[in-house]
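User: Could you take a close look at one part of this for me? I'd like a connected walk-through rather than a list.

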Amino acid sequence: MFHLPPLTPPYKRRGNKCHELIFMEFNAIYVLVAREFKKFIRERSRLVSAIARPLLWLFLVGAGMSRLVSPDAGMPYTQFIFPGILGMTILFSSVFSSISIIWDKEFGFFREILAAPVSRMSIVIGKGLSGTVVSTIQAAIVLMLFPVLGLRLGPLQIVEVLIISIALSFCISTFGILLATFYESYESFSVIMNFIIMPMFFLSGAMYPVKLLPKPLAVAAQLNPLTYGIDALKNVIFPVEEGPMSADFGLVTDMAVILILSFAFVVISARLFERKK
Amino acid sequence: MPIIRVENLVKSYGSLTAVDGISFEVEEGTIFGFLGPNGAGKTTTINVLCTLISATSGKAFINGYDCLKEPSRVRKSIGIVFQDTTLDKDLTAYENLVFHAYLYGVKKSEIKGRVHDALNFVQLYERKDDLVKKYSGGMKRRLEVARGLIHQPRVLFLDEPTLGLDPQSRANLWGVITEMPKKHNVTIFMTTHYMEEAEVCDKIAIIDNGKIIAEGSPEELKKTVGGDVISLRTRDNEWSAGEIRKMFGIDSVEKDGELYLTTGRGDSCIPELIRGLGDNVLSVKLQRPTINDVFLKLTGKAIRDEDVSGMSNIKEEVRAYRRRH
């Protein structure tokens, strides 16, 4: 048998087969992450400030505040805020990474991405994973401080913390993408920082236990995705399981909320990236 | 079969109709010029064809695929050079092209070769490892053209490719663009409001207020304005005008001491004219109609008379419409 050449020109065949389509989507996700990673490594100042911020909070705010916290609360205050500081590292770096979409819109690069023959879902996942990679790296660096604070973590706990960090980073990154779909220029950045990111941080149980908050604030905290991430970290990191400073929810609840929210953020953002009217 | 087919395309934003029922076809391997003043609907049309926005009604096909129903296939068939730069300035030229190759699903084994070829084609290979933020405007535009070719599209869209470039970069870019149909087997769809640039097109459509008001090759369009204008200075205008009437049967007009006559084929008229008028002729000038004259005749205004505030109003209105919906 002779192998007959295809009758349709090659360009007509391109992308028709299922595995080729999947290959294209993976390629797109990969290259979005690779771009973010490359820029992350290139911008030293971003890495330095990303590491400096948690250090300031831990050692300046944490050390100062620890004087106000009763020693019989269950643990030193600097230990209490450690999961919150990890959460903060993830919050800021994930949101920064996703908010860069607004920059890309401003400088036009986002049109290059939107004009590509890949599904909007892959674009959201790719951007979400970009934030996940850079945030998890930064969280891992901050995590290495645990012995300094007198915490004792075994290898299993460290792996658990990293897994939670990955899930939380993805959740916050996709949340950031959703935010970015509503803004067109970087002037809106300070609005996002002051009215969304800072309240999210303060109402996440990072600085004070959610169970001690007054009712309206506690409700707000329970609507905050970051709360569940930090709570999951508390569940793993804290040696005590009871007392005012212990975790507020179960680890399973925390992870379930994070995963469901991530899924919702991805689906909604992908819908919003569809063609404009 | 034409590579691009548009039928009765309409795009409206509330009460504003940006594109008002246009139809046209573009043959494969040609350069098609879409001309019109700012705000005429050029970019809106491009955005519909590139599947970036939806249409209100009508049909559009590229490479046999429906722009409104098969966006992914259309996107694979086209390359786009947007009006504004869409490069990542913090990456190198090389990285920008590799990024694009991955995004368009180019096979890994082919990426390197294609990126090298594209960079060579636009003469940026030596600067491939520079960050794009160090590039000049002309280099950026050339890099974007190179990027548009990486995934071997059937059609390359160029939206105002020379806008804001200095004359040298413009000429350079034109060299690149006119070479493309043959070298890369690609059809060019370009918009411009620089009428003189439209001369290189095989076919032109002129759009104004969302409607196509003229279509044809540059030569055909220029014929519609009535031919070439010869202006001459003579020792005796009155006598010369009479001679010209005798020779060609055309009345010439005297203005500022010069005689103007309009004729179909100016270049073949001149020798006869000089033979007839002898050493009465002091100087002869031949003016051929430009595409701008075509536009002027059709709309009564020059194409460059762009009302900037009017333009930003349209953009504002589109933005407001998007916010509401």
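How many helices and strands are there in chain A? Start there, zoom in on how helix 4 and helix 7 of chain A pack, and then carry on into the sheets of chain B.

Analyst: Happy to. One caveat up front: this is a predicted model, so everything below is computed from predicted coordinates.

Chain A has 11 helices and 0 strands. Reading along the sequence, you just get α-α-α-α-α-α-α-α-α-α-α. The C-alpha trace of chain A spans about 85 × 45 × 35 Å along its principal axes.

Now the pair you asked about. Helix 4 of chain A covers residues 77-106 and helix 7 of chain A covers residues 155-181; their axes sit 8 Å apart, at an angle of about 35 degrees. The crossing of these two helices is right-handed. On the helix 4 side, the residues in contact include Leu86(A), Gly87(A), Ile90(A), Leu91(A), Ser94(A) and Val95(A), and the run carries on through residues such as Ile102(A) to Lys105(A). Helix 7 of chain A answers with, among them, Val161(A), Ser165(A), Leu168(A), Ile172(A), Gly176(A) and Ile177(A). Sort the residues of this contact by type and you get 13 nonpolar, 8 polar and 1 charged.

Staying with side chains in chain A, the charged end of Arg53(A) sits over the ring of Phe92(A), 4.3 Å from the ring centre. There's also a case that links the two chains: Lys108(B) lies over the face of Tyr30(A), at 6.0 Å from the ring centre.

That brings us to chain B, where sheets come in. One is an open, antiparallel sheet of 4 strands in the order 2-1-4-5. Strand 2 (16-26) and strand 5 (65-66) of chain B are at its edges, each with a single partner strand, so one side of each has no neighbour in the sheet. Further in, strand 1 (residues 4-13) and strand 4 (residues 57-62) of chain B run antiparallel and are joined by 5 bridges. For a concrete pair, Arg5(B) has Phe61(B), in strand 4 of chain B, as its bridge partner. Strand 1 of chain B also holds a backbone oddity, Asn8(B): its phi is positive, about 50 degrees, although it is not a glycine. Gln152(B) is another non-glycine residue with a positive phi, near 50 degrees, but Gln152(B) lies in the loop between helix 5 (137-149) and strand 7 (155-159) of chain B.

Another open sheet in chain B has 4 strands in the order 12-13-11-14, again with antiparallel pairing. Here strand 12 (253-255) and strand 14 (281-287) of chain B take the edge positions with a single partner strand each, so each has one side left without a neighbour in the sheet. From one strand to the next, the twist averages 25 degrees. Strand 11 (residues 228-234) of chain B runs antiparallel to strand 14 of chain B, with 6 bridges between them; in that pairing, Ile230(B) has Leu286(B) as its bridge partner.

Helices lie against this sheet too. Helix 8 (residues 237-248) of chain B lies across strand 11, strand 12 and strand 13 (258-263), running at about 15 degrees to strand 13 of chain B. Helix 9 (residues 266-277) of chain B also packs on the sheet, touching strand 11, strand 13 and strand 14, and its direction makes about 25 degrees with that of strand 11 of chain B.

Last, the aromatics. Phe24(B), Phe32(B), Phe34(B), Phe157(B) and Phe189(B) form one aromatic cluster. Counting ring centres within 6.5 Å as a pair, the total over all chains comes to 19 aromatic pairs.

How values were computed. Residues numbered from 1 in each chain as written. Chains lettered and ligands numbered in written order. Predicted model: local features only at pLDDT ≥ 70, side-chain atom pairs only at ≥ 80, totals over all residues. Heavy atoms only, no water. Axes fitted to C-alpha atoms, helices over the stretch in contact; angles between N-to-C directions. Left-handed = near helix turned anticlockwise from the far one by under 90°. Contact = heavy atoms within 4.5 Å. Nonpolar A, V, L, I, M, F, W, Y, C, P; charged D, E, K, R; others polar. Pairing = 2+ DSSP bridges. Phe/Tyr/Trp six-rings, centres within 6.5 Å; stacked < 30°, edge-to-face > 60°. Lys NZ or Arg CZ within 6 Å of the ring centre and 35° of its normal.
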